[in-house]
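Colleague: I would like to go through the reasoning behind a few labels in this model. Please set each value against its cut-off.

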Amino acid sequence: MEVRVNNKKEILKSFIGWLPLALGATVFYGMLFIFIIKRLLTEFIDIDQELAGEVGLLFGVVVLVTCLYLYLNWITKSLSSYRLAIRGEILLVKGISGWKTLDKEVPINSIQKIYIGANASTVEKLSSGHNAVSEQVASRLVFFTREGKSFKLDFAAKAFDNKSLFDFLVTIKRNGVDTNVGV
């Protein structure tokens, strides 16, 4: 059984709750880029203040739009490459885990439980009032091994089709792995 991965359009739509944060960050970083460029042009190249402002605005907007495009492209490609499957007695897990990528093949009998929306870090708990942080924790899939170790798959609920992910958790529960999903 393999969990169906959402297409890029569905992935982007799943981040709609992050829009207020993204807009605020866009304004902040846009102003910062413009200020830095204007300062560099007036201090080091000795360009007139008004011309430096116009060039800074143009360059700042171009840099900001380029960075935003690159980020959205990276996140959709990354989440589109996720994989969660059962092959015989092996569980295949591929995706993003924190700042690194995860690509594991684990025997199903070594997994004690799989929880979705669990294990918020201390920083996440402190900022739990923010919708984007709550969404990130809610979309995380955490795997607990019988040895007491754990590994996580961030943005799993955004990368995978929800029905397919639910069916996977029901199937894995039938194989003796505890989940926090009711059947």
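Modeller: This is a predicted model. A good place to begin is strand E1 and strand E2 (residues 90-97), which pair in the antiparallel sense over five bridges.

Colleague: What makes E1 and E2 a pair?

Modeller: Two strands pair if there are at least two bridges between them, and E1 and E2 have five. The pairing criterion is therefore met. Within E2, lysine 94 is the residue that stands opposite arginine 83.

Colleague: How many strands does the sheet have, and in what order?

Modeller: The sheet is open and has three strands, ordered E1-E2-E3, with antiparallel pairing. Strand E1 (83-87) and E3 each have a single partner strand, so they stand at the edges and one side of each has no neighbour in the sheet. On average, neighbouring strands are turned by 10 degrees against each other, direction ignored.

Colleague: What lies across E1 and E2?

Modeller: Helix H7 (residues 162-174) does, running at about 35 degrees to E1. The loop between helix H6 (156-159) and H7 contains aspartate 161.

Colleague: What makes the link from aspartate 161 to serine 164 a polar contact?

Modeller: The side chain of aspartate 161 comes to 3.0 Å from the backbone nitrogen of serine 164. The limit for such a pair is 3.5 Å, so the distance falls within it. Beyond its neighbours within four places in sequence, aspartate 161 is in contact with Arg4 and Asn6.

Colleague: Why is aspartate 103 called exposed?

Modeller: Its relative accessibility is 62%, and exposed means over 50%, so aspartate 103 counts as exposed. This residue lies in strand E3 (residues 100-107). Leaving aside neighbours within four places in sequence, aspartate 103 has contacts with Val93 and Lys94.

Colleague: Why are H2 and H3 called oblique?

Modeller: Helix H2 (residues 19-44) and helix H3 (residues 49-80) pack at about 140 degrees, with axes 8 Å apart. Roughly antiparallel would need an angle over 145, and roughly perpendicular one of 65 to 115. The angle fits neither range, so H2 and H3 are oblique to each other. Their crossing is right-handed.

Colleague: Which residues make the contact between H2 and H3?

Modeller: On the H2 side, they include Tyr29, Gly30, Phe33, Ile34, Ile37 and Leu41. On the H3 side, Ala52, Gly53, Gly56, Leu57, Gly60 and Leu64 are among them.

Technical notes:
Residues are numbered from 1 along each chain as its sequence is written. This is a predicted model: local features need pLDDT of at least 70, side-chain atom pairs count only at pLDDT 80 or more; totals for chains, interfaces and linings use all residues. Side-chain values use heavy atoms; hydrogens and water are left out. Helices (H or I, at least four residues) and strands (E, at least two) are DSSP runs, numbered from the N terminus. Buried means under 20% relative accessible area, exposed over 50%, partly exposed in between (1.4 Å probe, protein chains only). Contact means heavy atoms within 4.5 Å. Axes are lines fitted to C-alpha atoms, for helices over the stretch in contact, and angles run from 0 to 180 degrees between N-to-C directions. A polar contact is a pair of N or O atoms within 3.5 Å; within protein, one must be able to donate a hydrogen and the other to accept it, and residues adjacent in sequence count only if both atoms are side-chain atoms. Angles under 35 degrees count as roughly parallel, over 145 as roughly antiparallel, 65 to 115 as roughly perpendicular and the rest as oblique. A crossing is left-handed if the near helix is turned anticlockwise from the far one by less than a right angle, and right-handed if clockwise.
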